[in-house]
Amino acid sequence: MSDEKPKTLGTVMNNIYFKSNKTLNELVLRAGQKQFNEINVIVSNADKNKKLPHSNPFRVQASIKQCLQLGITVNITKVLHNFLQNRTLQIRWRNSLSGTKPVQKGLPQGSVVSPIFSICFLADFSQILDVDVEYSIFADDIFIFCAHTSLDHISKKLQNTMENVYKWCNYWKLNISPEKCSIADLSKRKLQSIPRITYASFPLPWKQTIKYLGINFSKTNQNGVILKTIRSKALRKINALKSIAYKNYCPRTKDLINLANNSICSLFYYSCSITNKFSETQYKGCNTIQTMALRVALGLPKWTPNIVLMKIAGQEVLSKKSRD
């Protein structure tokens, strides 16, 4: 990968500013009037001796440029731009309200915009991966993996990728704690020597298992074992659902279906990037869990056909929904 940073609105170094009569809002408006490749990164009446504003303008502009490159309309981009500007927080304790404090990093949890902006922010992450290296992202968890017959080949690919990740994080001003990261060998072969993979010159710790999407990955924990673990969790929750469904106060069927979806079927939705690799035979076991939960929620007998069951519940088959 070339050391040259991508030509986006954020490529200008943070300590360099240019004088201009354009404001940040005018820059975003200008993006809709001209092609974003022609936009100059400028901040109104700023120079390198001035104190940085609450949010780094170059990083904000780079994020806005990325949204435009992904095809997001100008009007929505304006909303996203305003969403990142001049944010503050306050804390209420009983009848007391603290003073305001500027928020310089991150996105507010619970906001509808935050997940969308997070996806846009990570859109170019795949470009920093070396050849033969794949990844999976869920929220702030990133799982990077590589498969090959040669251990040396894997070590070089992963090391190159970690160096690129370090450059990418520096560019976007992200801090990663390498001591909280881990690396593991998931093949059935026995390693003769343990390769040294580093991030920012810090060696990543090797572990026997890696937990991702609620699943423990190890040499012995393959697809069949993973499915068995998820099924056992789901069955325990189905037993809990039975104790609720058969109470004297007769909970509403709608609430029971929501419980079945949000607490039982969600186990498979949450880990769909992993379970999507299951075979059709293994996926049938997942569908059985769904039908068991819905029969309990609807109070229908075991001999009820699955087609009728899914139609009454207004649900889609779990395996199909996970893969879609």
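This report walks through a few local features of the structure, one region at a time. Keep in mind that the model is predicted.

**A hairpin to start with**

Let's begin with two strands, β5 (residues 133-138) and β6 (residues 141-146). They run antiparallel, and six bridges join them. If you want a spot to look at, find Glu-134, which stands opposite Phe-145 in β6. The two strands form a hairpin, with two residues between them. One residue in that turn, Ala-139, has a positive phi of about 55°.

**Helix α5 and its ends**

Next up is helix α5 (151-171). This helix has 21 residues and reaches 30 Å from its first C-alpha to its last, close to the 30 Å expected at 1.5 Å a residue. What sits at its N-terminal end? Ser-150 caps α5 there, with a side-chain oxygen 3.5 Å from the backbone nitrogen of Asp-152. After the helix comes Lys-173, and its phi is positive, near 60°.

Quite a few residues of α5 are buried, among them Ile-154, Leu-158, Met-162, Val-165, Trp-168 and Tyr-171. The buried list isn't just greasy names, either: Ser-155, Lys-157, Gln-159, Thr-161 and Asn-164 are on it too.

**Aromatic rings**

Some of those α5 names come back when you look at the rings. Phe-121, Phe-125, Tyr-135, Trp-168, Tyr-171 and Trp-172 form one aromatic cluster. Across the structure, the count comes to eight aromatic pairs. Take Phe-121 and Trp-172: their ring centres are 4.9 Å apart and their planes sit at 65°, so this pair is edge-to-face. The two residues come from distant parts of the chain, 51 residues apart, with Phe-121 in helix α4 (residues 113-121) and Trp-172 in the loop between α5 and β7 (198-199). Is Trp-172 buried or exposed? Trp-172 is buried, because its relative accessible area is 6%.

**Two salt bridges**

Side chains of opposite charge can pair when their charged atoms come close. How many salt bridges does the structure hold? There are two.

One of them brings together the side chains of Asp-130 and Lys-157, at 3.6 Å from N to O. Asp-130 lies in the loop between α4 and β5, while Lys-157 is in helix α5, so the pair ties together parts that are 27 residues apart in sequence. Both Asp-130 and Lys-157 are buried.

The side chains of Asp-255 and Arg-252 also meet in a salt bridge, this one at 3.2 Å from N to O. Asp-255 counts as partly exposed, at 32% relative accessibility. Its partner Arg-252 counts as exposed, at 57%.

**Helix α9 and what it touches**

Further along the chain you'll find helix α9 (residues 280-298). α9 has 19 residues and reaches 27 Å from its first C-alpha to its last, close to the 27 Å expected at 1.5 Å a residue. Gly-299 follows α9, and its phi is positive, near 70°.

Two residues in this helix make good stopping points. Asn-287 is in α9, and Asn-287 touches Val-317, Leu-318 and Ser-319, leaving aside residues up to four places away in sequence. Leu-294 is in α9 as well. Leaving aside residues up to four places away in sequence, Leu-294 touches Ile-257, Leu-309, Met-310, Ala-313 and Gln-315. The C-alpha atoms of Leu-294 and Ile-312 are separated by 9.6 Å, with their places 18 residues apart along the chain.

**An exposed loop residue**

For a change of scene, go to Thr-220, in the loop between β10 (215-217) and α6 (223-245). Thr-220 and Ser-187 are 33 residues apart in sequence and 8.9 Å apart in space, C-alpha to C-alpha.

Here is how some of the residues you've met fare for accessibility:

| Residue | Relative accessibility | Status |
|---|---|---|
| Leu-294 | 0% | buried |
| Trp-172 | 6% | buried |
| Asn-287 | 17% | buried |
| Asp-255 | 32% | partly exposed |
| Arg-252 | 57% | exposed |
| Thr-220 | 65% | exposed |

Terms used:
Residues numbered from 1 in each chain as written. Predicted model: local features only at pLDDT ≥ 70, side-chain atom pairs only at ≥ 80, totals over all residues. Heavy atoms only, no water. Pairing = 2+ DSSP bridges. Helix = DSSP H or I, 4+ residues; strand = E, 2+ residues; numbered from the N terminus. Phe/Tyr/Trp six-rings, centres within 6.5 Å; stacked < 30°, edge-to-face > 60°. Buried < 20%, exposed > 50% of the residue type's maximum accessible area, 1.4 Å probe, protein only. Expected span 1.5 Å × (residues − 1). Polar contact = N/O pair within 3.5 Å; in protein donor to acceptor, adjacent residues only side chain to side chain. Salt bridge = Lys/Arg side-chain N within 4 Å of Asp/Glu carboxyl O. Contact = heavy atoms within 4.5 Å.
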